[in-house]
Amino acid sequence: MSTTTPQKFEFQAEIKQLLDIVIHSLYTEKEIFVRELVSNAADALEKFRHLQLTEKNIFEDSRELEINVTTDDKAKTITIQDAGVGMTRGELVENLGTIAHSGSKSFLKALGEGGAKNSNLIGQFGVGFYSAFMVAKSVKVYTHSWKQDEPGHVWSSDGSGSYEIEPAADQNRGAKIVIELKDDCAEFSQDWKIKEIVERYSAFVSFPINLNGKRVNTIQALWLRSKNEIKEEEYTEFYKFQSHAYDEPRLRLHFSADAPLTINALLFVPKENTEKLGMSRLEPAVSLYCRKVLIDAKPKDILPEWLRFLKGVVDSEDLPLNISRETMQDKSLIEKLNKVITKRFLKFLDEESKNRPEAYAEFYAEFGHFLKEGAALDFTHKESLTKLLRFESSLTEKGKTTSLTDYVTRLGSEQKEIYYLNGPNRASIESGPYLEGLKARNLEVLFCYEPVDEYVMNNVREFDGKKLTAADHADLKLSDLPKPDGALGEDAVKSLTTWLKATLGERVAEVKTSDRLVDSPVLALNADKFTSPHMRRMMKAMNKEGADSPVRVNLEINPRHAVIKRLFETHTANPERATLVAEQLLDNALIGAGLLDDTTAMVARLNKLLESV
Ligand code: ADP
Ligand code: MG
């Protein structure tokens with residue numbers, strides 16, 4: 001067989017099939033051909049760098065190990081040149097004429113399995129070299145192998161079933177791929193267009209990429225470098241570049257893992273939580289790379305929803321092949337990736353909370369919402385997330401918080417529950433009637449200030465085997481306290497509660513004495529699950545039925561309190577006045593519970609009560 005004259009070859013049958021799909025596909029992201037050819041150039045350079053160390057007889061020249069892309073919008077061409085290993089004649093046939101390439105192979109397999117000509121898969125599989133034919137009238141590959149004694153060649157094809165190989169004198173080492181663009185793809189001969197594409201997909205390729213003589217990629221793939229070599233400023237610069245951010249990162253996690261997947265990741269928590277500022281819901285923003293090449297800038301499933309505030313990069317060598325199988329069959333690989341990263345990030349937050357409690361507190365103030373969302377909704381990570389929650393409590397100072405873990409260490413052995421109270425702020429919880437009974441028994445109570453807390457506590461349900469219990473809940477059982485002197489007797493209480501129930505009518509479900517009141521005369525407890533103030537607000541917001549129905553509560557009275565004792569005396573002596581007092585006491589209790597919607601009736605009544613002063 002002559003090797004000095006042009007020779008024509010038929011593509012292998014599978015390649016013909018592949019080319020047919022690639023050429024006729026309506027795949028919209030044709031631009032990925034740039035990513036593929038630049039990756040090939042980088043691979044070839046990498047191989048060459050390696051050979052330099054191990055081989056003699058190398059075809060050396062003075063050129064830098066870089067990738068040069070040139071565009072010519074008059075001729076409508078784009079050229080991608082590298083000084084890598086190049087290809088011999090045999091390798092041209094082998095590599096560009098038969099299907100050795102694993103990505104292309106699995107692409108075809110997936111098509112076979114999927115049946116339809118699902119050209120959407122092209123982008124995910126990266127059909128490699130052949131993607132050039134999405135945009136090319138013709139492709140020419142000028143090449144000289146790294147092997148000194150091999151001659152140069154040019155490979156050419158229009159993608160229609162055959163290709164030619166011809167000897168070519170005076171070739172540089174490496175490969176130069178010249179694409180003559182189809183008329184409707186002429187945009188890929190524009191400098192700005194290619195700049196955009198290279199910056200998007202190939203910004204972190206290790207070799208310099210020059211576009212029409214200008215360096216395009218200046219930022220390194222920091223995630224693959226060793227941590228102790230990286231300067232703080234480099235991290236910040238990387239963050240700003242990669243996340244299109246203007247702020248400085250608040251927290252950073254740089255880690256690698258080998259099992260069950262090879263992962264290098266660099267994750268950032270931004271300074272500000274823009275969702276909290278009222279901006280729209282955040283989109284996933286941790287990009288997925290395979291060996292420094294972008295696979296997906298906004299992959300949906302590599303992190304759980306509640307980690308949508310993270311920015312950065314995850315790079316896994318195991319990906320490109322498997323990711324395709326994943327879309328065809330199961331999600332197991334992405335799930336694995338998700339699991340590893342999430343676990344690692346949770347561990348990181350836990351360490352931060354211990355090693356840098358102040359930074360953690362600031363992070364929590366800004367991003368705690370996401371942890372709460374996760375604790376409430378993500379069953380897999382509920383426990384680790386619940387450990388990361390922080391609340392003020394009846395034992396902390398104002399502004400200082402405790403974890404549930406610490407709360408549990410302070411529990412007496414007989415305490416089986418973790419108590420919490422909802423309220424708009426510390427002062428309102430401390431002055432309300434619900435805290436005093438627990439305080440009198442030395443029980444710590446967590447203070448929940450955010451509307452969402454009630455929902456979170458309800459969903460989390462328990463921690464470390466202890467039930468999370470709302471201290472204003474009707475079912476709360478507390479131990480007996482020694483009865484102070486001077487309380488109303490049993491008969492008196494019975495007569496007063498019966499009278500109160502009759503007098504207050506529909507507004508109360510039940511009236512009884514309280515085991516949790518110390519300093520206040522009365523308190524109101526939820527008669528049903530819709531009675532909590534947050535629930536009512538939520539139902540109103542959702543226009544739910546029942547949201548406007550009058551509140552109905554269980555009223556508890558404090559038989560030791562002067563007002564109650566006085567009421568007992570008046571309720572027979574002056575029933576009219578006692579009724580006003582009873583109604584006012586109920587309203588007071590509703591205010592304490594955050595349940596009094598309309599105060600007009602109350603003001604009128606107070607005025608009436610004041611008349612008799
Ligand atoms: P992959 O890169 O996944 O192997 P491609 O279809 O992109 O698949 O490329 C097929 C093969 O062609 C490569 O494995 C490589 O051997 C060869 N090749 C492609 N581009 C170059 C290049 N610029 N220099 C040297 N060899 C190349
Ligand atoms: Mg390739």
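In the next few minutes I will go through one sheet, a strand pair and two helix contacts in this structure, which is a predicted model.

Let me begin with the sheet, which is open and built from nine strands in the order β1-β6-β5-β4-β7-β3-β2-β8-β9, with mixed pairing. At its edges stand β1, residues 7–10, and β9, residues 214–215, and because each has a single partner strand, one side of each is left without a neighbour in the sheet. Within that order, strand β2, residues 67–72, runs parallel to strand β8, residues 209–211, and three bridges join the two, with isoleucine 67 standing opposite isoleucine 209 in β8. Helix α6, residues 191–201, packs on the sheet, where it touches β2, β3 and β8, and its direction makes about 160 degrees with that of β8. Helix α2, residues 32–54, also lies across β2 and β8, together with β3, residues 77–82, and β7, residues 174–181, and runs at about 20 degrees to β3.

I turn now to a strand pair later in the chain. Strand β21, residues 522–526, has five of its five residues buried, so this strand is largely enclosed by the rest of the structure. Its pairing with strand β22, residues 553–557, is antiparallel and extends over five bridges, and within it asparagine 526 is found opposite valine 553 of β22.

That leaves the helix contacts, and I will take α9 and α10 before the other pair. The axes of α9, residues 332–355, and α10, residues 357–377, come within 8 Å and cross at roughly 140 degrees; since an angle counts as roughly antiparallel when it is over 145 degrees, these two helices are described as oblique to each other. Their crossing is left-handed. On the α9 side the contact involves Leu349, Glu352, Ser353, Lys354 and Asn355, which meet Pro357, Tyr360, Phe363 and Leu371 in α10. Sorted by class, the residues of this contact are five nonpolar, two polar and two charged.

The other pair is helix α16, residues 490–504, with helix α19, residues 575–593, whose axes are 10 Å apart and which pack at an angle of about 80 degrees, and they are therefore roughly perpendicular to each other. Here Trp499, Leu500, Thr503 and Leu504 of α16 meet Pro575, Ala578, Thr579, Ala582, Glu583 and Leu586 of α19, and the contact comprises seven nonpolar residues, two polar ones and one that is charged.

Definitions and conventions. Residues numbered from 1 in each chain as written. Chains lettered and ligands numbered in written order. Predicted model: local features only at pLDDT ≥ 70, side-chain atom pairs only at ≥ 80, totals over all residues. Heavy atoms only, no water. Buried < 20%, exposed > 50% of the residue type's maximum accessible area, 1.4 Å probe, protein only. Helix = DSSP H or I, 4+ residues; strand = E, 2+ residues; numbered from the N terminus. Pairing = 2+ DSSP bridges. Axes fitted to C-alpha atoms, helices over the stretch in contact; angles between N-to-C directions. Parallel < 35°, antiparallel > 145°, perpendicular 65-115°, else oblique. Left-handed = near helix turned anticlockwise from the far one by under 90°. Contact = heavy atoms within 4.5 Å. Nonpolar A, V, L, I, M, F, W, Y, C, P; charged D, E, K, R; others polar.
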